[in-house]
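This report describes the fold, the strand pairing and selected backbone features of one protein. Please consult the sequence and the model alongside the text.

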Amino acid sequence: MCAFVLVAEDDVKQAELLRRYLRREAHSVLVVHDGREAVDQAALRHPDLLVLDVMMPGLDGLEVVRALRRESDVPVLLVTARSTAEDKLAGFDLGADDYVTKPYDPRELMARVRSLLRRAGPSGSRPVLPLRVGALLLDQIRHTVRLHDRPIDCTPAEFRILEALMAEPGRVLSRRQLLNQAHGQDTFVTERTADAHLKNLRRKIEADPRRPEYLHTVYGVGYKIAYGG
């Protein structure tokens, strides 16, 4: 069962661990790092499942559940260091569907994900919509990239970087964030590797790599994708 899972987790290493396990089971994953962004992306992208850390900046997880339940029945799996019965009951009372306490075994968390998606029924197995920016189309299920309906040949690392950028058009991602997406938490990969990946992607995507329409450098910060500027 392939699903679109939104992960809201402010701990970058925990978020990357969740991403890896979810993608091993062929799920499409979007990671956000604060509660307000979780609410915004849930409303915009309509995920099949939300894996939600309770302790987050902006809005905490319980406030996110409260906001979502006003207009959404998306399954919510809470992940938290709080372990008292009162904490769990508070989450369930607001509309959370399941609860995992840190530290957790990722295999147990994935079993709970599978259970929630099965219980969600047909909506949990609906197709994941391709990502589109201008004439650029990335299909996460078929693992293809097309520009003006012309296939673009990307390496696995290039595909993952492009996927991260296209999932959040206009958002600036640092070189390290892009490398974590492409290579995981590999400390031996230098940030110059991100520049090499972006150079290769521009060569494949941009009509004029020196004047990019899609892949923009934000000097001193990182990169973003934004068609036309």
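Which residues of E1 lie on one side of the strand and which on the other, and are they buried or exposed? Phe-4, Leu-6 and Ala-8 occupy one side, Val-5 and Val-7 occupy the other, and all of them are buried. In a regular strand the side chains alternate between the two faces of the sheet. E1 covers residues 4–8, and 5 of its 5 residues are buried. The model considered here is a predicted one.

**Overall fold**

The secondary structure comprises 8 helices and 12 strands. The radius of gyration is 18 Å; a compact globule of 229 residues would have a value near 17 Å, so the protein agrees with that expectation. The C-alpha trace spans about 60 × 35 × 30 Å along its principal axes. Of the 229 residues, 47% count as buried. Among contacts with a separation of 6 or more, 57% are between residues 24 or more positions apart. The protein exposes about 11600 Å², of which carbon and sulfur atoms supply 51%. There are 35 positive and 33 negative side chains, and the centres of these two sets lie 6 Å apart.

**Strand pairing**

Strands of a sheet pair through backbone hydrogen bonds, either parallel or antiparallel. E1 runs parallel to strand E2 (residues 28–32), to which 5 bridges join it. Within this pair, Leu-6 stands opposite Leu-30 in E2.

An open sheet of 3 strands has the order E10-E12-E11, with antiparallel pairing. E10 (173–174) and E11 (215–218) are at its edges; each has a single partner strand, so one side of each lacks a neighbour in the sheet. E11 pairs with E12 (residues 222–225) over 4 bridges in the antiparallel sense, and Val-218 stands opposite Gly-222 in E12.

**Backbone features in loops**

Most residues other than glycine have a negative phi, and most peptide bonds are trans. The peptide bond from Lys-102 to Pro-103 is cis, with omega near -10°. Pro-103 is located in the loop between strand E5 (98–101) and helix H5 (106–120).

Two histidines with positive phi are listed below.

| Residue | Phi | Loop | Relative accessible area |
|---|---|---|---|
| His-143 | near 55° | between E7 (136–139) and E8 (144–147) | 42% |
| His-148 | about 50° | between E8 and E9 (150–152) | 62% |

His-143 is therefore partly exposed at a relative accessible area of 42%, whereas His-148, at 62%, is exposed. The cut-off for exposed is over 50%.

Definitions and conventions:
Residues numbered from 1 in each chain as written. Predicted model: local features only at pLDDT ≥ 70, side-chain atom pairs only at ≥ 80, totals over all residues. Heavy atoms only, no water. Helix = DSSP H or I, 4+ residues; strand = E, 2+ residues; numbered from the N terminus. Rg over C-alpha atoms; globule rule 2.2 N^0.38 Å. Buried < 20%, exposed > 50% of the residue type's maximum accessible area, 1.4 Å probe, protein only. Contact = heavy atoms within 4.5 Å. Areas by Shrake-Rupley, 256 points an atom, 1.4 Å probe, with all protein chains shown as cover. Lys, Arg positive; Asp, Glu negative; His and termini not counted. Charge placed at Lys NZ, Arg CZ, Asp CG, Glu CD. Pairing = 2+ DSSP bridges.
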